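Please work through the following exercises with the sequence and the structure at hand. Each task is followed by a worked solution.

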Amino acid sequence: MSEIYANRPASSPLLSDCSFYQTIDIPGIGVQPGQWDLRGNVRNYLGDIDFAGQRVLEIGTANGFVCFEMERRGADVVAFDLAEELTYDAPPHSPEYLSQDQYRDGLRRIRNAWWLAHAALNSRARVAYGHANRIPSALGRFDVGVLANVMQHLQDPIGALMGLAAISNNAVVVTETDWMHGTNEDLVGMIYFDKDNPYVWYQVKPRLVEAVLLRMGFVDIVRSEHRQLFKVSAEHTEAGAIGVETNVEVPHYTIVARRKNRPDSLIAPS
Ligand SMILES: C[S@@+](CC[C@H](N)C(=O)[O-])C[C@H]1O[C@@H](n2cnc3c(N)ncnc32)[C@H](O)[C@@H]1O
């Protein structure tokens, strides 16, 4: 089944052809600043679980900071991200704001950054590409499924969560930004992200995630709240995207949900 995984590029991408979503320290190259700097609080971002010896599927790996961090903690990671021919399930937006070419080029540069870091770190992680709502069955089953800051981008976030839960034997870790935290805790569902943003559809509230995971057989559910450093936001101008410095500590939640028993009796969504 090796063809399910992407092949390593023949030569490592050039730094000048990479973009970084998460800040990452690449051996021999140095710290590459990204939009988010998770380095100070990655333990909470990952729900403080023990990754040693775990086969992990990470949906939405971007440039791989989380993937390589879990590997460093002993996980055997399969990373997953959008296939080259796809874009985000983007809210419709005008091409003057962000053209299709800019959009695809941004994704390509982030994929390059994953491979650059992968080579420099001598990572054994593998990566496959597709869509979070259609995880290829050939990837098999996992001990732990990780879905961090991906649901907000999907038209069907619950479907993606259920798909991941169905192939996760022991635990699922879900982390999302909670920008609207504090005033909407009574809302159980999703909040339309009412901002001019070509990437984000919703804020998915934690109670909905917990309810879905409970239905999927995860009976031990722990939610924690933490903050992560948002360094730079992209502003799209006619000339392209520019980085605007923010340095905001953004509220997040992380849900760690565990099964008591193996889920062999559950029917996976098709
Ligand atoms: C906001 S970033 C989060 C990156 C990383 N998980 C983290 O927590 O830092 C969203 C990631 O999800 C990926 N993504 C967006 N839509 C996707 C989809 N439909 N299927 C798979 N990955 C997707 C993006 O390419 C990007 O790498």
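**Exercise 1: The surroundings of the ligand**

Task. Identify which residues come nearest to the ligand, and determine how the shell around the ligand divides by residue type.

Solution. In this predicted model, 17 residues are around the ligand, and Gln22, Tyr45, Gly60, Asp81 and Ala132 come nearest. The next step is to sort the shell by type: ten of its residues are nonpolar, five are polar and two are charged.

**Exercise 2: Polar atoms and cover**

Task. Describe polar atom pairs between the ligand and Gln22, His131 and Ala132, and then state how much of the ligand's accessible area the protein covers.

Solution. Begin with the side chains. Gln22 places a side-chain N or O atom 2.8 Å from an oxygen atom of the ligand, while a side-chain N or O atom of His131 is 3.2 Å from a ligand nitrogen atom. Turn next to the backbone: a polar backbone atom of Ala132 lies 2.8 Å from a nitrogen atom of the ligand. Finally, the ligand on its own has 590 Å² of accessible area, of which the protein covers 97%.

**Exercise 3: Cysteines and burial**

Task. Decide whether Cys18 and Cys67 are buried or exposed, and state how many disulfides the structure holds.

Solution. Buried means under 20% relative accessible area. Cys18 is therefore buried, because its relative accessibility is 6%. Cys67 is likewise buried, because its value is 0%. In the protein chain, 49% of the 270 residues count as buried. A disulfide is a covalent bond between the sulfur atoms of two cysteines. A search of the whole structure yields zero disulfides.

Methods. Residues numbered from 1 in each chain as written. Predicted model: local features only at pLDDT ≥ 70, side-chain atom pairs only at ≥ 80, totals over all residues. Heavy atoms only, no water. Buried < 20%, exposed > 50% of the residue type's maximum accessible area, 1.4 Å probe, protein only. Disulfide = S-S within 2.5 Å. Near = heavy atom within 4 Å. Polar contact = N/O pair within 3.5 Å; in protein donor to acceptor, adjacent residues only side chain to side chain. Areas by Shrake-Rupley, 256 points an atom, 1.4 Å probe, with all protein chains shown as cover. Nonpolar A, V, L, I, M, F, W, Y, C, P; charged D, E, K, R; others polar.
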